[in-house]
Amino acid sequence: MQSQRHPLEPFFQQVVRNSYEGKLGLHDPDVTGYVAQLLCEFSETDRLYQVRDAEGHPIEELETMILAADPVNGTATSFDAERAMRKYIGDYALFVGGMYPEANVAGTRRRVPHPSLSELIHAGKESYFIVSQFNMFEYEKEAPLFARLSDGFERCILGLSLVREELRKRKALPAPELN
């Protein structure tokens, strides 16, 4: 059974491809497809902080997410849970670093302090690298994608910032007049 496509997927596919391929020269359909899917996923409000603590509250701190991914010293119940959590951390770091860079400015007063861009880059690269090391059985085919995402993490953040600028331009278009 084929899964249903997200309604924004064609739009995000085009915008990501234009930014990554057209502006950055990054010609990797697997990476652009993955990033477009990531945008679809995080366009749902409950998906950005999908990781929950024992009481069911969303985990917003990057350090707590990383600890939750540790199957030995943290709360991950298995290595598969570690992989899923590390994939999420990589996705979160990529999304926040590229789409909301102003959230990472030091000195802003927030209930939960946001990580710096360098912390997001470190956590994202490391997390995608760990995911890429799960390269056997059901994960074998997608492991190389996560290795490329780890290696080019900074470039992917830059690509998302270009996507953000494109979305900002489109938002500024005047609404069509209705007769």
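Where is phenylalanine 137 found? Phenylalanine 137 sits in the loop that runs between helix H5 (117-133) and helix H6 (143-151). The model described here is predicted.

## Overall make-up

The chain has seven helices and zero strands. Read along the sequence, these elements give the pattern α-α-α-α-α-α-α. The chain has 179 residues, and buried residues make up 41% of them.

The exposed surface of the chain comes to about 10,900 Å². Carbon and sulfur atoms supply 55% of that area. Among contacts between residues at least 6 apart in sequence, 66% join residues at least 24 apart.

## The loop residue phenylalanine 137

Phenylalanine 137 counts as exposed, because its relative accessibility is 68% and the cut-off for exposed is over 50%. Its phi is positive, at about 55 degrees, although phenylalanine 137 is not a glycine. Most residues other than glycine have a negative phi.

## Helices H2 and H4

Helix H2 covers residues 29-42 and helix H4 covers residues 79-99. The two pack at an angle of about 85 degrees, and their axes are 11 Å apart. H2 is therefore roughly perpendicular to H4, a term that applies to angles of 65 to 115 degrees.

On the H2 side, the contact is made by Tyr34, Val35, Leu38, Leu39 and Phe42. On the H4 side, the residues are Lys87, Tyr88, Asp91, Tyr92, Leu94, Phe95 and Met99. By type, the residues of the contact of H2 with H4 divide into 10 nonpolar, no polar and two charged.

## Aromatic pairs

How many aromatic pairs does the count come to? The count comes to 11 aromatic pairs. One of them is formed by phenylalanine 42 and phenylalanine 95, with 4.9 Å centre to centre and 65 degrees between the planes. This pair is edge-to-face, because that class takes planes over 60 degrees apart. The pair links distant parts of the chain, since phenylalanine 42 belongs to helix H2 and phenylalanine 95 to helix H4, 53 residues apart.

Are phenylalanine 42 and phenylalanine 95 buried or exposed? Phenylalanine 42 has a relative accessible area of 7% and is buried. Phenylalanine 95 is also buried, with a relative accessible area of 7%. The cut-off for buried is under 20%. Ring pairs link Phe42, Tyr49, Tyr88, Tyr92, Phe95 and Tyr100 into a cluster.

## Two buried residues of helix H4

Tyrosine 88, a member of that cluster, lies in helix H4. With a relative accessible area of 3%, tyrosine 88 is buried. Leaving aside neighbours within four places in sequence, tyrosine 88 is in contact with Phe42, Arg47, Leu48, Tyr49, Gln50, Val51 and Met65. Tyrosine 88 and valine 131 are 43 residues apart along the chain, and their C-alpha atoms are separated by 9.9 Å.

Isoleucine 89 is found in helix H4 too, and counts as buried at 0% relative accessibility. Its contacts, again without neighbours within four places in sequence, are Leu62, Met65, Ile66, Ala69, Ala123 and Ser127. Met65 is thus in contact with tyrosine 88 and with isoleucine 89. Isoleucine 89 and leucine 120 are 31 residues apart in sequence and 9.0 Å apart in space, C-alpha to C-alpha.

Methods:
Residues are numbered from 1 along each chain as its sequence is written. This is a predicted model: local features need pLDDT of at least 70, side-chain atom pairs count only at pLDDT 80 or more; totals for chains, interfaces and linings use all residues. Side-chain values use heavy atoms; hydrogens and water are left out. Rings of Phe, Tyr and Trp (its six-membered ring) pair if their centres lie within 6.5 Å; planes under 30 degrees apart count as stacked, over 60 as edge-to-face and the rest as tilted. Helices (H or I, at least four residues) and strands (E, at least two) are DSSP runs, numbered from the N terminus. Buried means under 20% relative accessible area, exposed over 50%, partly exposed in between (1.4 Å probe, protein chains only). Contact means heavy atoms within 4.5 Å. Accessible areas come from the Shrake-Rupley method with a 1.4 Å probe; for residues, only the protein chains shown count as cover. Axes are lines fitted to C-alpha atoms, for helices over the stretch in contact, and angles run from 0 to 180 degrees between N-to-C directions. Angles under 35 degrees count as roughly parallel, over 145 as roughly antiparallel, 65 to 115 as roughly perpendicular and the rest as oblique. Ala, Val, Leu, Ile, Met, Phe, Trp, Tyr, Cys and Pro count as nonpolar, Asp, Glu, Lys and Arg as charged, and the others, Gly among them, as polar.
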